[in-house]
Structure formats: C-alpha cells, structure tokens
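Biologist: I have a structure on my screen and want the reasoning behind its labels. Can you take me through it, label by label?

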Amino acid sequence: MNSNDPNHSPLRDVAQNPEATARYLADVQRVLLDIGRNLETLAQEIRVHCRDTHVEGDRFYDAWLRAQPVERAFKDVLKNVEAVTKGLEKGAYKRRAHDEAVANTARKRKEKELERQRKKTPQPLQAAPNPPQQAAPGQNIGYGGPASIYDLGQGRESA
C-alpha cells in the first residue's frame with residue numbers, strides 16, 4: 001500500500017474488499033439520491049415555468065405542448081438516476097455473493113472429489129440378516145387375533 005507507487009489506485013483497495021465496496025457504493029448512492037431530489041425539485045420548477053410561458057396569440061394548450069419535451073427529458077433523467085441507484089445496490093450484492101462463491105469453491109471441489117472417489121470404489125453391500133421366522137405349533141399366523149368369536153382357541157374365554 002505504497003502511495004508513491006504510480007500504479008496504486010485508491011479504488012483498488014476498495015474493490016478487493018466486499019465490505020469496503022458496499023460502503024463506497026452506499027456513499028455514492030446517497031449522493032445520487034440527493035442529486036435526484038434536487039433534480040425532482042428542478043423538474044417541478046421547470047414544469048411550472050414552461051407551462052406558464054405564454055406567447056401572444058397562443059391557444060390555451062400551446063404552452064403545455066411546448067413544455068412536454070422539456071418535461072419528458074427531465075423525467076428520463078430522473079428515471080436514469082433511479083436506475084443507477086438500484087444498479088449500485090445490485091452491484092454491492094453481487095460483489096458480496098462473488099466472494100462467498102469463491103470462499104465456497106474449495107469446499108465444494110473437495111466434496112465433489114470425495115463423491116467421485118466414493119462412486120469409483122463403492123463399499124461392498126452387506127446382506128441384511130434374516131432371522132428365521134418359525135411359527136409356534138398350533139398358533140395362527142394371521143393378522144394378530146381371532147377373526148370371530150368361534151376362533152378364540154383354547155386359552156381364552158369369551159366375554
């Protein structure tokens with residue numbers, strides 16, 4: 001950070017840090033919003049002046065017609081200032097997202113490599129143990145109980 005360096009740019013430091021970039025863009029946005037407010041006031045004053053400027057022999061709408069191109073030009077300027085302020089917000093967000101993506105890239109690459117290695121050498125599957133299912137003699141392997149009162153069996157009494 002040698003200020004005597006001919007290649008040193010103060011904005012280079014700002015560009016390298018997403019927080020500094022966000023602060024700088026917020027300052028620029030504040031200035032633009034101030035300029036936008038001043039331009040809105042100026043546009044209103046111009047509108048009033050241009051619409052009140054009548055020439056002898058004018059019909060009632062001639063001054064209004066002459067004022068329209070001027071009003072439209074200022075309206076376009078205000079729209080552009082608003083678009084620039086929105087673009088500044090978007091730029092600050094994208095700058096931060098870029099740094100987060102760069103920080104996550106190494107981790108994602110490691111995860112992909114581990115996944116690739118796992119796919120190349122799959123673990124042998126172990127067979128699930130099948131416990132022998134033997135029915136007790138004389139026991140019904142139905143849904144779990146007698147289907148009617150006549151099927152109660154030996155060890156039960158009816159109600």
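Modeller: What follows sets each label against its cut-off. Keep in mind that this is a predicted model.

Biologist: Start with the fold. What makes up the protein chain, and in what order?

Modeller: The protein chain has 3 helices and 0 strands. Along the sequence the pattern reads α-α-α.

Biologist: What share of the protein chain counts as buried?

Modeller: Of the 159 residues, 12% count as buried. The cut-off for that label is under 20% relative accessible area.

Biologist: Why is helix 2 called roughly antiparallel to helix 3?

Modeller: Look at the axes. They come within 10 Å and cross at roughly 170 degrees. Angles over 145 degrees count as roughly antiparallel, so helix 2 is roughly antiparallel to helix 3. The residues of this contact divide into 22 nonpolar, 6 polar and 9 charged.

Biologist: Where does A26 lie, and how far is A26 from E89?

Modeller: A26 lies in helix 2. The C-alpha atoms of A26 and E89 are separated by 7.7 Å. Along the chain these two residues are 63 residues apart.

Biologist: Is A26 buried, partly exposed or exposed?

Modeller: A26 has 26% relative accessibility. Buried needs under 20%, and exposed needs over 50%. A26 therefore counts as partly exposed.

Biologist: Now the charged pairs. How many salt bridges does the structure hold?

Modeller: The structure holds 10 salt bridges. Let us take some of them in turn.

Biologist: What makes R37 and D34 a salt bridge?

Modeller: Their side chains meet at 2.5 Å, N to O. The limit is 4 Å, so the pair qualifies. R37 and D34 are 3 residues apart in helix 2 (residues 18–52), which means that about one helical turn separates them.

Biologist: Which exposure label do R37 and D34 get?

Modeller: R37 stands at 47% relative accessibility, so it counts as partly exposed. D34, at 40%, also counts as partly exposed. Exposed would need over 50%.

Biologist: How do you know that K86 and E82 form a salt bridge?

Modeller: The N to O distance is 3.5 Å. That is within 4 Å, so the label holds. K86 and E82 sit 4 residues apart in helix 3 (residues 62–120), about one helical turn.

Biologist: Why is K86 called exposed, but E82 partly exposed?

Modeller: The line is drawn at 50%. K86 has a relative accessible area of 52%, so it is exposed. E82 has 44%, so it is partly exposed.

Biologist: What about E113 and R116?

Modeller: Their closest N and O atoms are 2.7 Å apart. With a limit of 4 Å, the two therefore form a salt bridge. Both lie in helix 3, 3 residues apart, about one turn of the helix. E113 has a relative accessible area of 34% and is partly exposed. R116 is partly exposed as well, at 43%.

Biologist: Which residues form the nonpolar patch on the surface?

Modeller: F60, Y61, W64 and L65. Together they have about 460 Å² of accessible area.

Biologist: What makes W64 fit for a patch, and where does W64 lie?

Modeller: W64 lies in helix 3. Its relative accessibility is 40%, so W64 counts as partly exposed. A patch residue needs over 30%, so W64 clears that cut-off.

Notes. Residues are numbered from 1 along each chain as its sequence is written. This is a predicted model: local features need pLDDT of at least 70, side-chain atom pairs count only at pLDDT 80 or more; totals for chains, interfaces and linings use all residues. Side-chain values use heavy atoms; hydrogens and water are left out. Helices (H or I, at least four residues) and strands (E, at least two) are DSSP runs, numbered from the N terminus. Buried means under 20% relative accessible area, exposed over 50%, partly exposed in between (1.4 Å probe, protein chains only). Axes are lines fitted to C-alpha atoms, for helices over the stretch in contact, and angles run from 0 to 180 degrees between N-to-C directions. Angles under 35 degrees count as roughly parallel, over 145 as roughly antiparallel, 65 to 115 as roughly perpendicular and the rest as oblique. Ala, Val, Leu, Ile, Met, Phe, Trp, Tyr, Cys and Pro count as nonpolar, Asp, Glu, Lys and Arg as charged, and the others, Gly among them, as polar. Patches are made of residues with over 30% relative accessible area and no salt bridge: like charges are joined within 9 Å, nonpolar side chains (Val, Leu, Ile, Met, Phe, Trp, Tyr) within 5 Å. Accessible areas come from the Shrake-Rupley method with a 1.4 Å probe; for residues, only the protein chains shown count as cover.
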